[in-house]
Amino acid sequence: MRCEVDATATVALRYAEREVLVTELIAEPDRNLLELCEEHVRTLGPPVGWRVRDDRNVVSLPEASPPSHRPDDDGVARPPVERTSTSAGTAESA
Ligand SMILES: [Zn+2]
């Protein structure tokens, strides 16, 4: 299966499990593996009785939470806010 878009995932057909396993793109070519682009992975139609299992570590979904839409985000990376609690700090004021 060829496509003009660069492949982003490797798809393996596991006949024993009747499972279409989607993994991160594997560089080495294997004729048992398919290299698919994101669009083709999404529109993947497994055979009847099969299921698609996406085993990739999906870090960021484009539509999930756009990081640039937060009003207080000016693009500057900040360290995580230190929790200097005033109410729970009982240990040092003894
Ligand atoms: Zn494609």
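Before I begin, one definition that I will lean on: two residues are in contact if their C-beta atoms, placed from the backbone, lie within 7 Å. With that in hand, valine 52 touches Val20, Val22, Leu44 and Pro46, leaving aside residues up to four places away in sequence.

Let me step back to the whole chain. What you have in front of you is a predicted model, and the mean pLDDT of the protein chain is 79, with 66% of its residues reaching 70 or more. Among the elements of the chain, the highest mean pLDDT, 94, belongs to strand 2, residues 19-24, while strand 3, residues 33-36, has the lowest, at 90.

How many helices and strands does the protein chain have? There is 1 helix and there are 4 strands, and, read from the N terminus on, the elements follow the pattern β-β-β-α-β.

Now to the sheet. The 4 strands form an open sheet in the order 3-1-2-4, and the pairing is mixed. Strand 3 and strand 4, the latter covering residues 51-54, stand at the edges with a single partner strand each, so one side of each is left without a neighbour in the sheet. From one strand to the next, the twist averages 25°. Strand 1 and strand 2 run antiparallel and are joined by 6 bridges; to pick out one residue, leucine 13 has valine 20 in strand 2 as its bridge partner.

Which residues make up the largest nonpolar core? That core has 5 residues, namely Ala9, Val11, Val20, Val22 and Leu36, and strand 1, residues 9-14, and strand 2 each supply at least two residues of this core. In soluble globular proteins, nonpolar side chains tend to be buried together. Alanine 9, as a member of this core, touches Val22, Thr23, Glu24, Leu25, Leu36, Val41 and Arg56, again not counting residues up to four places away in sequence. For the chain as a whole, buried residues make up 6% of the 94 residues. As for contacts with a separation of 6 or more, 57% of them are between residues 24 or more positions apart.

I would like to return to valine 52, which is found in strand 4. Is valine 52 buried or exposed? Neither label fits, because valine 52 has 14 C-beta neighbours inside 10 Å and therefore counts as partly exposed, given that 20 or more would be needed for buried and 12 or fewer for exposed. Valine 52 and valine 11 are 41 residues apart along the chain, and their C-alpha atoms are separated by 9.5 Å.

A second residue to look at is arginine 18, whose place is in the loop between strand 1 and strand 2. The phi of arginine 18 is near 50°, a positive value in a residue other than glycine. Most residues other than glycine have a negative phi. Arginine 18 has 13 other C-beta atoms within 10 Å, and so this residue is partly exposed.

The last residue is glutamate 4, in the segment before strand 1. Glutamate 4 counts as exposed because there are 5 C-beta neighbours inside 10 Å. In sequence, glutamate 4 and cysteine 37 are 33 residues apart, and in space they are 8.9 Å apart, C-alpha to C-alpha.

Notes:
Residues numbered from 1 in each chain as written. Predicted model: local features only at pLDDT ≥ 70, side-chain atom pairs only at ≥ 80, totals over all residues. pLDDT = per-residue confidence, 0-100. Core = buried A, V, L, I, M, F, W, Y, C linked by C-beta atoms within 7 Å. Pairing = 2+ DSSP bridges. Axes fitted to C-alpha atoms, helices over the stretch in contact; angles between N-to-C directions.
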